[in-house]
Amino acid sequence: MQFFLDTGDIDEITKASQWGLIDGVTTNPSLIAKTGRSQKDVITDICKIIDGPISAEVISTDKEGMIKEGAVLAEMHPNVVIKLPLTEAGISACKWFSTNDIKTNVTLCFSANQALLAAKNGATYISPFIGRLDDIGQDGMQLIHEIRAVYDNYGYPTEILAASIRHTMHVHQSALAGADVATMPYSVIKAMFNHPLTTSGLEKFLADHQKANK
Ligand code: G3P
């Protein structure tokens, strides 16, 4: 499973990069807004830290605008992936990008049918938003299972990028459901290291070592 960080925070990306676990980064307009910097500056900095797919989202809502904006973003660095919303315009623009060998991440996916549209137009990644479905009382994880089944039925190469991950159980369950990628906040990947038995077990090993080496 690939791990992406879902953030525009350069400090977090720098810290997480030390683990050697981070395969890529996803951003969105809200995450970029939190940084108080321009999308161009943030994406440029991320590309210097992580050598992997970096998703940058368009804000245009029409196909031509998305193509124009995405083409500029794609010129920034070969690792930039164009993030497009799952709308008629976004899916149409996805076809243009895949025909022109530019990677895409189709975002704001909330149904298996939407994921099917993205795969048909050659999306590199589909981003089902698990947490936001859970928020409205629907089963976000069920969507990952459904998309996995649909893509496997037809051999679509589009990678399932589990997004809107809020806690470690989401990562665990996405891995069991066969998601190709989990994109998560820094706090979630950091929490994955923790287990109380690891902490207490290590304390005991170190105490025993000290006793034996007095
Ligand atoms: O980047 C897309 C997604 O991961 C956003 O998550 O927590 O805002 O629903 P969230």
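How many of the 214 residues in the protein are buried? The answer is a share of 46%. Keep in mind as you go that this is a predicted model.

Let's start with the overall layout. The protein is built from eleven helices and eight strands, and its C-alpha atoms fill a box of roughly 75 × 40 × 30 Å along the principal axes. If you take the contacts with a separation of 6 or more, 56% of them join residues that sit 24 or more positions apart. On the outside, the accessible surface comes to about 11,100 Å², and carbon and sulfur atoms own 54% of that. As for charge, there are 18 positive side chains and 24 negative ones, with the centres of the two sets 5 Å apart.

Now walk in from the N-terminal end, to helix α1, which spans residues 10–17. At its start, D9 has a side-chain oxygen that reaches to within 2.9 Å of the backbone nitrogen of D11. Further along, I10, I13 and A16 are the buried residues of α1. Why do these three count as being on the same side of the helix? Because they cover an arc of only 130° around the axis. The spacing fits a simple rule: an α-helix has 3.6 residues a turn, so residues three or four places apart point the same way. The cover over that buried side includes two strands, β1 (2–6) and β2 (24–26), along with helices α3 (39–49) and α10 (186–191).

That brings us to α3, where V42, I43, I46 and C47 are buried. They are on the same side of α3 because their arc around the axis is only 135°. Turn to the other side of α3 and you find K40 and K48, which are exposed. What covers the buried residues of α3? The list includes helices α1, α2 (29–35) and α4, together with strands β2, β3 (54–57) and β4 (80–85). So α1 and α3 each turn up in the other's cover, because contact here means heavy atoms within 4.5 Å and each helix is listed among the neighbours of the other's buried residues.

Next stop is α4, covering residues 63–76. Two of its residues are worth a look. G65 lies in this helix and has 17% relative accessibility; it counts as buried because the cut-off is under 20%. Its C-alpha is 10 Å from that of G90, although the two are 25 residues apart along the chain. M66, also in α4, is buried at 1% relative accessibility. Leaving out neighbours within four places in sequence, M66 is in contact with V58, S60, T61, L84, P85, T87, A89, G90, A93 and F97. So G90 comes up twice here: as a contact of M66 and as the partner in the G65 distance. For a sense of scale, the C-alpha atoms of M66 and V171 are separated by 31 Å, with their positions 105 residues apart along the chain.

Moving on, there are two backbone oddities to check in your own phi plot. D101 has a phi near 60°, a positive value in a residue other than glycine. This aspartate is in the loop between α5 (88–99) and β5 (104–109). Is D101 buried or exposed? It is exposed, at 72% relative accessibility. L108 also has phi near 60°, again positive without being glycine. In contrast to the loop setting of D101, L108 has its place in strand β5, and it is partly exposed at 32%.

L108 leads on to helix α6 (residues 112–120), where Q114 is found. Not counting residues up to four places away in sequence, Q114 touches L86, L108 and C109. Its relative accessibility is 21%, which counts as partly exposed. The C-alpha atoms of Q114 and P128 are separated by 9.4 Å, and the pair is 14 residues apart along the chain.

The last stop is helix α9, residues 168–177, which holds S174. Which residues does S174 touch, beyond those up to four places away in sequence? They are M1, I130, M141, A162, I165 and A179. The relative accessible area of S174 is 0%, so this serine is buried.

Technical notes
Residues numbered from 1 in each chain as written. Predicted model: local features only at pLDDT ≥ 70, side-chain atom pairs only at ≥ 80, totals over all residues. Heavy atoms only, no water. Helix = DSSP H or I, 4+ residues; strand = E, 2+ residues; numbered from the N terminus. Buried < 20%, exposed > 50% of the residue type's maximum accessible area, 1.4 Å probe, protein only. Areas by Shrake-Rupley, 256 points an atom, 1.4 Å probe, with all protein chains shown as cover. Lys, Arg positive; Asp, Glu negative; His and termini not counted. Charge placed at Lys NZ, Arg CZ, Asp CG, Glu CD. Arc of directions from axis to C-beta. Polar contact = N/O pair within 3.5 Å; in protein donor to acceptor, adjacent residues only side chain to side chain.
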